[in-house]
Amino acid sequence: MATSADYIEFVMEQLELSGCGLELWCRPMFGEYCIYAGEKPLSFVCDNTVFVKRLPCVADLLADAESGEPYPGAKGWAIVDIEDGRLLKELFTLLYIHKPMPKPKKRRSTCKR
């Protein structure tokens with residue numbers, strides 16, 4: 001089941017209301033979504049559920065969070081209570097501070113015929 005447009009809109013509204021102060025945006029990916037701050041991917045939204053990787057910087061915040069898989073074979077992901085504004089503010093702020101920038105993509109060489 002793919003994430004509905006209504007649900008991702010609700011998630012983005014909740015993040016804005018949390019007051020985290022980040023410019024968050026989302027990109028659709030295969031019927032699901034990835035939430036970014038700048039170029040940093042912070043969270044996945046899959047099957048109308050928000051998932052965050054259990055990183056050391058957010059371990060205390062996610063200690064009681066239910067675990068889940070945003071995609072088959074994924075390990076170490078927590079399900080986020082999207083209606084807890086205090087949690088969202090702390091969680092997304094910490095993720096933005098501590099997650100590294102993604103590695104630059106290598107350019108593909110063009111084949112000459």
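Helix α1 runs over residues 5-17 of this predicted model. Its 13 residues reach 18 Å from the first C-alpha to the last, close to the 18 Å expected at 1.5 Å a residue. Within α1, the buried positions are Tyr-7, Ile-8, Val-11, Met-12, Gln-14 and Leu-15. These residues cover an arc of only 160° around the axis, and therefore lie on the same side of α1. The other side of α1 carries Ala-5, Asp-6, Glu-16 and Leu-17, which are exposed.

The packing partners of this buried side come from both strands and helix. The buried residues of α1 pack against β1 (24-29), β2 (32-37), β3 (40-46) and β4 (49-53), and also against α2 (85-98). After α1 comes Gly-19, whose phi is positive, near 75°.

The second helix can be read in the same manner. Helix α2 has 14 residues, and the distance from its first C-alpha to its last is 20 Å, close to the 20 Å expected at 1.5 Å a residue. Leu-87, Leu-88, Leu-91, Phe-92 and Leu-95 are buried in α2. Because they cover an arc of only 110° around the axis, they are placed on the same side of α2. Arg-86 and Ile-97 are exposed, on the face of α2 turned away from its buried side. The cover over the buried residues of α2 includes α1 together with β1, β2, β3 and β4.

Thr-93 offers a closer view of α2, the helix in which this residue is found. It counts as partly exposed, because its relative accessibility is 26% and the partly exposed class lies between the 20% and 50% limits. Not counting residues up to four places away in sequence, Thr-93 touches Cys-20 and Leu-22. Thr-93 and Ala-37 are 56 residues apart in sequence, while their C-alpha atoms are 9.6 Å apart in space.

The two helices belong to a chain whose secondary structure comes to two helices and six strands. Read along the sequence, these elements follow the pattern α-β-β-β-β-β-β-α. Among contacts between residues at least 6 apart in sequence, 54% join residues at least 24 apart. The C-alpha trace spans about 55 × 30 × 30 Å along its principal axes. Of the 113 residues of the protein chain, 35% count as buried.

Among the strands, β2 contains Tyr-33. Tyr-33 counts as buried because its relative accessibility is 15%, and the buried class takes values under 20%. Leaving aside its neighbours within four places in sequence, Tyr-33 is in contact with Thr-3, Ile-8, Cys-26, Arg-27, Pro-28, Ser-43, Phe-44 and Val-45. One of these contacts, Ile-8, is also one of the buried residues of α1. Tyr-33 and Cys-46 are 13 residues apart in sequence, with a C-alpha to C-alpha distance of 6.6 Å.

The loops between strands draw attention to backbone geometry. Most residues other than glycine have a negative phi. Phe-30, in contrast, has a positive phi near 55° and is not a glycine. Phe-30 lies in the loop between β1 and β2. At 88% relative accessibility, this residue counts as exposed, the class for values over 50%. Asn-48 likewise has a positive phi, of about 55°, although it is not a glycine. Asn-48 is found in the loop between β3 and β4. With a relative accessibility of 26%, Asn-48 counts as partly exposed.

A final feature is the largest pocket, which has a volume of about 170 Å³. Its lining is formed by Arg-27, Tyr-36, Glu-39, Pro-41, Pro-102, Lys-103 and Lys-105. By residue class, this lining divides into three nonpolar, no polar and four charged residues. Arg-27, one of the lining residues, is also in contact with Tyr-33.

Technical notes. Residues are numbered from 1 along each chain as its sequence is written. This is a predicted model: local features need pLDDT of at least 70, side-chain atom pairs count only at pLDDT 80 or more; totals for chains, interfaces and linings use all residues. Side-chain values use heavy atoms; hydrogens and water are left out. On a 1 Å grid over the protein atoms alone, a cavity is a set of points where a 1.4 Å probe fits but cannot get out, and a pocket is an open set with protein on both sides within 12 Å along at least five of seven lines; lining residues have an atom within 4 Å of a point. Grid points are joined across faces, edges and corners, and a volume is the space filled by probe spheres set on the points. Ala, Val, Leu, Ile, Met, Phe, Trp, Tyr, Cys and Pro count as nonpolar, Asp, Glu, Lys and Arg as charged, and the others, Gly among them, as polar. Helices (H or I, at least four residues) and strands (E, at least two) are DSSP runs, numbered from the N terminus. The expected span of a helix is 1.5 Å times one less than its number of residues. Buried means under 20% relative accessible area, exposed over 50%, partly exposed in between (1.4 Å probe, protein chains only). The arc is that of the directions from the helix axis to the C-beta atoms. Contact means heavy atoms within 4.5 Å.
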